[in-house]
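The following exercises are to be worked with the sequence and the coordinates side by side. Each task is followed by a solution in steps.

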Amino acid sequence: MALRTFMPGELLRGYLCRLRNENGLRDDVALATMLGVPRVGASNRSSSANLLLPALLAKLGAEVKSLICQHSMVPFAKYLAVSNLRSPEPPDFSDASYLWFAMSMGGIAPRLCRDCATEDLNALGISYWRRLHQLPGIDWCAKHGRPLSEVLRGAPFGESPLASAVHAIDISAKAVEAGVRSPVVRRYATIAETILETADRPVNFVCAATVIEKRALDVDLSVTKHPSLLSDEAMRQTPNAWLRMHFPASATKVPNKVGWIDYAGTLHASPVGMSTFSLAMALLWDDPHEAIKALSHAHREKLNFNSSFAWSESDLSDIWVKNRGCHKLIAAELDLNKDQASRRLTKAGLPLYGRHGFEELEKKAITSLRSGKTSSQVARACKVSEDLIERVLRSSRQTENVEMSDSS
Ligand SMILES: [Zn+2]
């Protein structure tokens, strides 16, 4: 079997197809079998990714992290990590959970540069898919400056760029030119390309949003209040056609009202994607490299305890119950001084009466419940939320269970 290694900047999904085509294999399952992976079910795509890639890496003598960082869209697409708000530094890209995302390129129309494809053919005898061409919002080849061409039919990356070029459709030169002429779009392109090429770990979204929120204030903009909203500035500074094509959410923007790109600086129910985030950076910094530097240090930002997103109310209730109302422990867990912690707890409607008060509340809740009262009645009597009473009861039931199983 021919197992040629990756080309520089070659996209993993395209590489696998190239490997299959060069060896006359039908699909990833056949490829896995070829690589000696035992029994991969055709229906179970995730197990084929889990087994195929490690086998491939072992054959090539490569590491998960270099594969993800050099041959997938992960460093850009997954740059913002929202999973764990408590840990400021998320795991780096060597985490195998990124492999499946690196494999799947679902939903995107592959893009190629006709000049790159021809050059590759002359120099290498093959053509290959570059990940730089797949960055959202960048419609031109950085090397040749010409508009990219989109492949709208067939299995994505199923054949070589050269073969796909025959039925690819060129992106309108006029639309590309409007983008290239705009300083914001050019900065956006530098930011997206640099992050794709250099990021080796994601940043915590909450920390990153804090950086954006602060930067907006520094340049007399805001992500929460009219006037001078970031979203209004985006509509003014960015070519309309480019926005409409790459940021459909911008169509919902109402002048002077908080919307889409403002959510890059706040924790909104639907966190923004990395392209919206990059556009926010391009609008807020004149120097794209300064923007990237600020973001990559985001985890060092002290979370602003007053900002609405530093800790959700539900997070705070959890912490309050876990530490049984003990002020000192709560302040330590929030990494705040006692004063700041008190203010934050009060804002979240949590009582400040300490460990003794917590035990009183717990006792009252249990006895009232036993005497047939509902948790909402208990909550009213104790002047706390029903949600808190339920959390207290849940935690005391868990403690009871642990004690029972300890004594048995
Ligand atoms: Zn090119």
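**Exercise 1. Backbone exceptions in loops**

Task: Locate Arg324 in the predicted model, and determine whether Arg324 is buried or exposed.

Solution. Step 1: Arg324 belongs to the loop that runs between α16 (313–322) and α17 (327–334). Step 2: its phi is near 45 degrees, a positive value in a residue other than glycine. Step 3: most residues other than glycine have a negative phi. Step 4: Arg324 has 20 C-beta neighbours inside 10 Å and therefore counts as buried; the cut-off for burial is 20 or more.

Task: Carry out the same analysis for Asp220, and state which loop holds Asp220.

Solution. Step 1: Asp220 sits in the loop between α11 and α12. Step 2: its phi is near 60 degrees, again positive in a residue other than glycine. Step 3: Asp220 has 8 other C-beta atoms within 10 Å, so Asp220 is exposed; the limit for exposure is 12 or fewer.

Task: Identify the residue that a cis peptide bond joins to His226.

Solution. Step 1: the partner is Pro227, and omega of this bond is about 0 degrees. Step 2: most peptide bonds are trans. Step 3: Pro227 is placed in the loop between α11 (205–218) and α12 (230–237).

**Exercise 2. Length of a helix**

Task: Test whether the end-to-end distance of helix α19 agrees with its number of residues.

Solution. Step 1: α19 covers residues 354–370, which is 17 residues. Step 2: at 1.5 Å a residue, the expected span is 24 Å, since the rise is multiplied by one less than the number of residues. Step 3: the end C-alpha atoms are 25 Å apart, which agrees with the expectation. Step 4: after the helix comes Gly372, with a positive phi near 95 degrees.

**Exercise 3. A three-stranded sheet**

Task: Give the strand order of the open sheet of 3 strands, and name its edge strands.

Solution. Step 1: the order is β2-β3-β4, and the pairing is antiparallel. Step 2: β2 (111–112) and β4 (169–170) are the edge strands, each pairing on one side only. Step 3: β3 (residues 149–150) and β4 are joined over 2 bridges in the antiparallel sense. Step 4: within this pairing, Ser149 is opposite Asp170 of β4.

**Exercise 4. Nonpolar cores**

Task: Describe the largest nonpolar core and the surroundings of Phe76.

Solution. Step 1: the largest core has 74 residues; Phe76, Ala192, Ala208, Ile212, Leu230 and Ala280 have the most contacts inside it. Step 2: domain 1 (105–171) and domain 2 (191–300) each supply at least three residues to this core. Step 3: apart from it lies another core of 16 residues, including Ile319, Ala341, Leu345 and Leu388. Step 4: beyond four places in sequence, Phe76 touches Leu135, Ala192, Ile195, Leu196 and Met274.

Task: Explain why Ile195 counts as buried, and list its contacts beyond four places in sequence.

Solution. Step 1: Ile195 is part of helix α10 (residues 183–198). Step 2: Ile195 counts as buried because 24 C-beta neighbours lie inside 10 Å. Step 3: its contacts beyond four places are Pro75, Phe76, Tyr79 and Ile292. Step 4: Ile195 and Ala77 are 118 residues apart in sequence, yet their C-alpha atoms are 9.6 Å apart.

Task: Establish where Ala81 lies and which residues Ala81 touches.

Solution. Step 1: Ala81 is in strand β1 (residues 80–81). Step 2: Ala81 is buried, because 20 other C-beta atoms lie within 10 Å. Step 3: beyond four places in sequence, Ala81 touches Pro90, Pro202, Val203, Asn204 and Phe205. Step 4: Ala81 and Cys207 are 126 residues apart in sequence and 10.0 Å apart from C-alpha to C-alpha.

**Exercise 5. Confidence**

Task: Assess the confidence of the model through its pLDDT values, and compare residues 305–309 with residues 404–408.

Solution. Step 1: the average pLDDT is 86, and 88% of the residues score at least 70. Step 2: among the elements, β2 has the highest mean pLDDT (98) and helix α21 (residues 386–407) the lowest (73). Step 3: over residues 305–309 pLDDT stays under 50, and the model has 12 contacts beyond four places in sequence for them. Step 4: over residues 404–408 pLDDT also stays under 50, with 0 such contacts.

How values were computed. Residues numbered from 1 in each chain as written. Predicted model: local features only at pLDDT ≥ 70, side-chain atom pairs only at ≥ 80, totals over all residues. Helix = DSSP H or I, 4+ residues; strand = E, 2+ residues; numbered from the N terminus. Core = buried A, V, L, I, M, F, W, Y, C linked by C-beta atoms within 7 Å. Domains from an automatic or database assignment. Contact = placed C-beta atoms within 7 Å. Pairing = 2+ DSSP bridges. pLDDT = per-residue confidence, 0-100.
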